[in-house]
Amino acid sequence: MDVEVRVAGSAAEAEKEAAELMARQAELGGHIALSGGSTPRPAYELAARLRPDWSRAEVWFADERCVPPDDERSNYRLVRESLLDRLDRPPAAEHRVRGELSPEDAAEAYDAELQGVVFDLALLGIGPDGHTASLFPNDPALDELRRRALAVDRPDVARVTATIPQLNVSRTVVFLAVGGEKADAVTRAFAAEPGPATPASLVRSESGTTIALLDRASAGRLPN
Ligand code: 6PG
């Protein structure tokens, strides 16, 4: 369950690698899980340009905020604006988390929808605190063994997240993390003992590939 760490010369190059991996998966078809945050937007825009036909792919979400889909905090909105609206041929299916429902109802519906689904590609980010998807440090959600999606209470807005078992059966897990403010979390995620203080350290493809796409700044504290 090693991680293939790739350090690009710049953030733009790391984003390009992420876009190429998404475009390639869209061409092959399959289940692609996407994340929110500010990092992936340029990668989504480029992926749409590289591969405007996503008709063989189904799009999923690694996590979502419990807000309506047109809310500016919605990951669905981010993905729609930066990727889906720019495609010539849309995905065969868009499986969004129903953020307009209560967190528990949204998580239950998403968990049911995920039954039997293996992500071919899961694109994840890392927060400066080491969170990934909406798996936060030392949160009880990290202990979930059975469900595929869970509601997560947060001080700002509740979330729904894919769980570690759901993410870890992915054929390919790709982390995209750029910028110096991620350097500490990146080191804890990829060069330290895994543990619940750094959820990103617990997410690894069990039988496939895990790739970390970094720039020099986010990789700056990795041991040589
Ligand atoms: C989200 C995420 C989250 C994100 C990290 C990094 O919806 O916010 O899926 O896990 O990937 O918080 O976010 P940034 O790219 O904004 O640093």
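Visitor: What makes the pair formed by an oxygen atom of the ligand and the side chain of Asp63 a polar contact?

Guide: A polar contact is a pair of N or O atoms within 3.5 Å. The ligand oxygen is 2.7 Å from an N or O atom in the Asp63 side chain, so the pair qualifies. This is a predicted model, in which local features need pLDDT of at least 70, side-chain atom pairs count only at pLDDT 80 or more, and totals for chains, interfaces and linings use all residues. Residues are numbered from 1 along each chain as its sequence is written, and side-chain values use heavy atoms, leaving out hydrogens and water.

Visitor: Which backbone atom lies 2.6 Å from an oxygen atom of the ligand?

Guide: A backbone N or O atom of Ala133 does. The protein covers 89% of the 410 Å² of accessible area that the ligand has on its own (Shrake-Rupley method, 1.4 Å probe).

Visitor: Why is the pair Arg41 and Glu81 called a salt bridge?

Guide: The term requires a side-chain nitrogen of Lys or Arg within 4 Å of a carboxyl oxygen of Asp or Glu. Here the N to O distance is 3.9 Å, so the pair meets the rule. Arg41 lies in helix H2 (residues 41-50) and Glu81 in helix H3 (residues 75-82), so the salt bridge ties together parts 40 residues apart in sequence. Helices are DSSP runs of H or I with at least four residues, numbered from the N terminus.

Visitor: How many salt bridges does this rule give?

Guide: The count comes to 18.

Definitions and conventions
A polar contact is a pair of N or O atoms within 3.5 Å; within protein, one must be able to donate a hydrogen and the other to accept it, and residues adjacent in sequence count only if both atoms are side-chain atoms. Helices (H or I, at least four residues) and strands (E, at least two) are DSSP runs, numbered from the N terminus.
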